Amino acid sequence: ITPGTWNQIVLKYTGTTITGYINGVVGATAINFSKQYPNEPYLVVVGDYEPTNFGYGGNYIGKISDIRFYSSALSDAEVLQNYNATLEKFNPKKKSN
């Protein structure tokens, strides 16, 4: 991630796996993710996090341009397509992946 420029961060949850994408490319995957979410409404907080056992907690410092939720997980190709489609709007000097 380059500070001071627009970056796309995507988290995809597919039951037991969380995949993180940075600018359309897979950056990390957590398999057998232990947190299971029941099929009911949940509070989603963006730009803030709860204190941990170490006492940290606080607010995100920066700007958030878009937040999207989908009813099903996107494929790798769809994540990349969304990145490339949004790239010119926020960072016209950067080239598509």
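This is a short talk on the predicted model shown above.

Let me start with confidence. The mean pLDDT of the protein is 79. Of its residues, 71% reach 70 or more. Where is confidence lowest, and where is it highest? The lowest is in β4, at a mean of 70. The highest is in strand β2, residues 18-22, at 90. One caution applies here. Where pLDDT is low, the predicted coordinates should not be read in detail.

Now the layout. The protein has one helix and five strands. Going along the sequence, the order is β-β-β-β-β-α. There are 97 residues, and 18% of them count as buried. The accessible surface is about 7,900 Å². Carbon and sulfur atoms make up 55% of that surface. Next, contacts with a separation of 6 or more. Of these, 32% are between residues 24 or more positions apart.

On to the charged pairs. Side chains of opposite charge can pair when their charged atoms come close. How many salt bridges does the count give? It comes to two.

Take the pair of aspartate 76 and lysine 12. Their closest N and O atoms are 3.5 Å apart. Aspartate 76 is in helix α1, residues 76-90, while lysine 12 is in strand β1, residues 9-13, so this salt bridge ties together parts that are 64 residues apart in sequence. Are the two partners buried or exposed? Lysine 12 is buried, with a relative accessible area of 14%. Aspartate 76 is partly exposed, at 44%.

The other pair is aspartate 66 with arginine 68. Here the closest N and O atoms are 3.4 Å apart. Aspartate 66 is partly exposed, with a relative accessible area of 34%. Arginine 68 also counts as partly exposed, at 44%.

Let me turn to glutamine 8. This residue sits in the segment before β1. Glutamine 8 has a relative accessible area of 12%; buried means under 20%, so glutamine 8 counts as buried. What does glutamine 8 touch, beyond its neighbours within four places in sequence? Its contacts are Tyr21, Ile22, Asn23, Gly24, Val79, Asn82 and Tyr83. One of these, glycine 24, has its backbone nitrogen 3.5 Å from a polar atom of the glutamine 8 side chain.

Follow that list to asparagine 82. Asparagine 82 is in helix α1. Leaving out residues up to four places away in sequence, asparagine 82 touches Gln8, Arg68, Tyr70 and Leu74. Arg68 is the arginine we met in the salt bridge with aspartate 66. How far apart are the C-alpha atoms of asparagine 82 and glycine 24? The separation is 7.8 Å, though the two residues are 58 apart along the chain.

Last, the surface. Which residues form a nonpolar patch there? They are Val46, Tyr60, Ile64, Ile67 and Phe69. Together they have about 530 Å² of accessible area. Look at valine 46 in that group. Valine 46 lies in the loop between β3, residues 25-30, and β4, residues 48-49. Its relative accessible area is 43%, and patch members need over 30%, so valine 46 passes that cut-off. By the same figure, valine 46 is partly exposed.

To recap. The model has one helix and five strands. The salt bridge of aspartate 76 and lysine 12 joins helix α1 to strand β1. Glutamine 8 is buried, and among its contacts are Gly24 and Asn82. Out on the surface, there is a nonpolar patch that includes Val46.

Definitions and conventions:
Residues numbered from 1 in each chain as written. Predicted model: local features only at pLDDT ≥ 70, side-chain atom pairs only at ≥ 80, totals over all residues. Heavy atoms only, no water. Patch = residues over 30% accessible without salt bridge, like charges linked within 9 Å, V, L, I, M, F, W, Y side chains within 5 Å. Areas by Shrake-Rupley, 256 points an atom, 1.4 Å probe, with all protein chains shown as cover. Salt bridge = Lys/Arg side-chain N within 4 Å of Asp/Glu carboxyl O. Helix = DSSP H or I, 4+ residues; strand = E, 2+ residues; numbered from the N terminus. Buried < 20%, exposed > 50% of the residue type's maximum accessible area, 1.4 Å probe, protein only. pLDDT = per-residue confidence, 0-100. Contact = heavy atoms within 4.5 Å. Polar contact = N/O pair within 3.5 Å; in protein donor to acceptor, adjacent residues only side chain to side chain.
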